[in-house]
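The following exercises concern the sheet, the helix packing and the ligand site of one structure. Each task is followed by a worked solution.

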Amino acid sequence: MHIASVGISKLCFCLSLALSGLLLLLLPCLRTPARPLVLPQPKAQFRSASSWTYRTPSQTAAEPPLRRKDSGASSTAHHRHEPLEMEDVFIAVKTTRKYHKSRLELLIQTWVSQAKRQTYIFTDGEDRDLQLKTGINLINTNCSAAHTRQALCCKMSVEYDKFIESQKKWFCHVDDDNYLLLPSLLLLLSSYHHSQDVYLGRPSLDHPIEASERVKSNGLTSVQFWFATGGAGFCISRGLALKMSPWASLGNFISTAEKIRLPDDCTIGYIIEALLEVKLSHTPLFHSHLENLRKLLPETVLDQVTLSYGGFENRRNVVSVAGRFSLIEDPTRFKTVHCLLYPDTDCVQNPDWCPKP
Ligand SMILES: *[C@@H]1O[C@H](CO)[C@@H](O)[C@H](O)[C@H]1NC(C)=O
């Protein structure tokens, strides 16, 4: 009897031990699942922001930085992030004299107007009228206006030097057919630190490019590397840009590009991936006119970092956003995107074209 009751209490003890063990094991599963990675809407960000400061949610709460589920950016070293202001970013827009009217003016009316001091237009001819009328930073690179590898590399070389001179934390390059969504750009960059080695962009190919190595080994070996397509825009941290200096500064960029005989954006990828062995962080948030832009889901358009539009031969290749502008009034959809991002400010700045709600 006595022995049996001891047996039973032992059994109970063991059972309760096993049960609590099981409970402990189950605890992580029973906890509510981690919050889905949903980003605050950039437009809401902007509407409520009185200045251009953006702080990642992780800087106010002790949580890992929130990342877009689909950002695709490599997850390495996201632990260092910093509050970032528009002032910290050097934005280079590459254009050519003949597109000042047809392409550049649209950018100046839209996103450039929100970052005028940080944006530098790199072109190949003077345009004092435009400069006086709009107050933009227009830099005549004195490079050839031809759309050749040499001329494009010449402009990139000047962009690089001006960025280094600027002391800003981030270098971002876009083309004159890109809409740059500034709130999304700040959100993306603020999840990194400018002293890290960061190269952000979208490859135009689904495989790395192969080139014969002529800088280190006289073309005897070949190298494989990814590069961010210039037509979708890309960003480089100051830390990394400084390391590129031996191959990129003061005309060295042109001789590096000549050695490997590749265009400007490939040369950037070559210097970063092949020579410095830093990986491109692939992100699908950048878009060039080479993609099918209609495939972007309308509800995600304002979360992207850059947009573009198809050229004359492909004029219907534009993002699908509905707004108060028809396709005829706004064939590129840039005005529509701009009015959605900045519903208040721009009717004052651009009364000619921003329709009243
Ligand atoms: C282009 O040439 C002009 C006139 O010689 C000069 O003032 C300017 O600094 C040059 N631009 C660059 C980026 O070197």
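**Exercise 1. Identify the residue of β10 that is the bridge partner of Leu 200, and place the two strands in the sheet.**

Solution. The model is a predicted one. In β10, Leu 200 has Ser 281 as its bridge partner. Strand β6, residues 199-201, runs parallel to β10, and 2 bridges join the two. The sheet to which they belong is open, has mixed pairing and consists of 7 strands in the order β3-β2-β1-β4-β9-β6-β10. The edge positions are held by β3 (137-140) and β10 (281-282); each has a single partner strand, so one side of each lacks a neighbour in the sheet. Helix α10, residues 264-275, packs on this sheet and touches β1 (89-94), β6 and β9 (234-237). The direction of α10 makes about 145° with that of β6.

**Exercise 2. Determine how α9 and α10 are oriented to each other.**

Solution. Two packed helices are described by the angle between their axes and by the distance between those axes. For helix α9 (residues 252-260) and α10, the axes come within 10 Å and cross at roughly 95°. An angle of 65 to 115 degrees counts as roughly perpendicular; α9 and α10 are therefore roughly perpendicular to each other. On the α9 side, the contact is made by Phe 253, Thr 256, Ala 257 and Ile 260. The α10 side contributes Asp 264, Thr 267, Ile 268, Tyr 270 and Ile 271.

**Exercise 3. Determine the relative orientation of α3 and α11.**

Solution. The axes of helix α3 (residues 100-109) and helix α11 (residues 334-341) come within 10 Å and cross at roughly 10°. Angles under 35 degrees count as roughly parallel, so α3 is roughly parallel to α11. Leu 106, Leu 107 and Gln 109 of α3 meet Phe 334, Lys 335 and His 338 of α11.

**Exercise 4. Describe the surroundings of the ligand.**

Solution. Asn 140, Asn 142 and Val 158 surround the ligand. A polar backbone atom of Asn 140 is 3.1 Å from a nitrogen atom of the ligand. For Asn 142, a polar side-chain atom lies 2.3 Å from a ligand oxygen atom. Taken alone, the ligand exposes 360 Å², of which the protein buries 34%.

Definitions and conventions. Residues numbered from 1 in each chain as written. Predicted model: local features only at pLDDT ≥ 70, side-chain atom pairs only at ≥ 80, totals over all residues. Heavy atoms only, no water. Near = heavy atom within 4 Å. Polar contact = N/O pair within 3.5 Å; in protein donor to acceptor, adjacent residues only side chain to side chain. Areas by Shrake-Rupley, 256 points an atom, 1.4 Å probe, with all protein chains shown as cover. Pairing = 2+ DSSP bridges. Helix = DSSP H or I, 4+ residues; strand = E, 2+ residues; numbered from the N terminus. Contact = heavy atoms within 4.5 Å. Axes fitted to C-alpha atoms, helices over the stretch in contact; angles between N-to-C directions. Parallel < 35°, antiparallel > 145°, perpendicular 65-115°, else oblique.
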